[in-house]
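Visitor: I would like to go through this model feature by feature, asking about one element at a time. Could you guide me?

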Amino acid sequence: MPKIGAIILAAGLSKRMGHPKLLLSLKGKPLFRYPLEQAIRNHLQPICLIAGQHMQAFQTETSDLQNVEYIYNPRYEKGMSSSLKIGIENIKYRTDAAIIFLADQPFVPDLVLQSMIEQFCNDTLIVRPQYQGNFGHPILIDNSLYDEFLNLEGDQGGKEIINKYIKDTKILSFDHLFWGMDIDTPEDYQKCAQLLKYDRGINDGEKK
């Protein structure tokens, strides 16, 4: 079996939210714990959470979790690519592939993650999900692409690289649009809170 690590991008500035969104509580736990716990639950290793100004708060909120590497990004204001590069650099020589998570996506079920891992075993370079036709996260990348991602600049997540290897990409389609939902604004947060409150299929696809 390939060795697959996790890079959880948690160094954003939350500009549209107006305050630290990743520390907001959803169903009794901070938002960023959802992808973190998912990576642990699915035995990804290593698990690297890339943080900026809220590094200490993240560690405090997850003191009960084991096998998580917390990595501070001193250039977090430079955008997503700076965090992504730090994560890849950290796992570069320890993994066959990496799954890149956004820390503000609480609804991605284990079914998506497990399907991505299964497809990677079929000799693809990139595996990515679509939610009702919309591309989303997490994204799995083969270690042969690490060096290209290390050359990224600015607030980009590697779209050009992903497009470059479209012929070597496996796209997985899922029917639930909200599985790929991320939380950027107060309105997004309220919508997510309502989805969790009524549990409208949130647990569909979760590993039992």
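Visitor: In which loop does Gly-79 lie?

Guide: The model is a predicted one, and the answers here should be read with that in mind. Gly-79 counts as buried, at 13% relative accessibility, and its C-alpha atom is separated by 8.4 Å from that of Ala-11, a residue 68 positions away along the chain. As for its place in the chain, Gly-79 lies in the loop between S5 and helix H3 (80-91).

Visitor: How far apart are the end C-alpha atoms of H3, and what span should its 12 residues have?

Guide: At 1.5 Å a residue, the 12 residues of H3 should span 16 Å. The distance between the end C-alpha atoms agrees with that expectation, because the value computed from the model is 17 Å.

Visitor: Which elements do the buried residues of H3 pack against?

Guide: The buried residues of H3 include Ser-81, Leu-84, Lys-85, Ile-88 and Ile-91. An α-helix has 3.6 residues a turn, so residues three or four places apart point the same way. The partners of the buried residues of H3 are strand S1 (4-10), S4, strand S6 (97-102), S9 and helix H5 (146-149).

Visitor: In which sense do strand S4 and strand S5 pair, and over how many bridges?

Guide: Strand S4 covers residues 47-51 and strand S5 covers residues 69-72. One of the pairings can be named, since the bridge partner of Ile-50 in S5 is Ile-71. Taken as a whole, the pairing of S4 with S5 is in the parallel sense, over 4 bridges.

Visitor: What handedness has the β-α-β unit that S4, helix H2 and S5 make?

Guide: The two strands of the unit, S4 and S5, pair in the parallel sense. Helix H2, which covers residues 55-61, joins S4 and S5 in a β-α-β unit that is right-handed.

Visitor: Which residue is joined to Pro-46 by a cis peptide bond, and which to Pro-138?

Guide: Most residues other than glycine have a negative phi, and most peptide bonds are trans. Pro-46 is found in the loop between helix H1 (33-41) and S4, whereas Pro-138 is found in the loop between strand S8 (134-135) and strand S9 (139-142). Omega is near 0 degrees for the bond from Gln-45 to Pro-46, and about 0 degrees for the bond to Pro-138. The residue joined to Pro-46 is therefore Gln-45, and the residue joined to Pro-138 is His-137.

Visitor: Is His-43, with its positive phi, buried or exposed?

Guide: Phi of His-43 is about 60 degrees, a positive value although the residue is not a glycine. His-43 is found in the loop between H1 and S4. The cut-off for exposed is over 50% relative accessible area, and at 67% relative accessibility His-43 counts as exposed.

Visitor: What is the phi of Lys-27?

Guide: Lys-27 lies in the loop between strand S2 (25-26) and strand S3 (29-30). This residue is exposed, with a relative accessible area of 59%. Its phi is positive, in a residue other than glycine, and is near 55 degrees.

Visitor: Which residues are linked with Lys-29 in a network of salt bridges?

Guide: The side chains of Lys-29 and Glu-37 meet in a salt bridge of 2.7 Å, N to O. Of this pair, Lys-29 is partly exposed, with a relative accessible area of 22%, while Glu-37 is buried, with a relative accessible area of 17%. The residues linked with Lys-29 in the network are Arg-33, Glu-37 and Asp-64.

Visitor: With which residue does Arg-41 form a salt bridge?

Guide: Arg-41 is partly exposed, with a relative accessible area of 32%, whereas Asp-110 counts as buried at 0% relative accessibility. The closest N and O atoms of Arg-41 and Asp-110 are 2.8 Å apart. Arg-41 lies in helix H1 and Asp-110 in helix H4, so the pair ties together parts that are 69 residues apart in sequence. The salt-bridge partner of Arg-41 is Asp-110.

Visitor: Which elements do the buried residues of H4 pack against?

Guide: Helix H4 covers residues 110-120, and its buried residues include Asp-110, Leu-113, Ile-117 and Phe-120. The buried residues of H4 pack against S1, H1, S6, strand S7 (126-131), S9 and strand S10 (169-174).

Key. Residues numbered from 1 in each chain as written. Predicted model: local features only at pLDDT ≥ 70, side-chain atom pairs only at ≥ 80, totals over all residues. Heavy atoms only, no water. Pairing = 2+ DSSP bridges. Right-handed = clockwise from strand over helix to strand, strands pointing away. Buried < 20%, exposed > 50% of the residue type's maximum accessible area, 1.4 Å probe, protein only. Expected span 1.5 Å × (residues − 1). Contact = heavy atoms within 4.5 Å. Salt bridge = Lys/Arg side-chain N within 4 Å of Asp/Glu carboxyl O.
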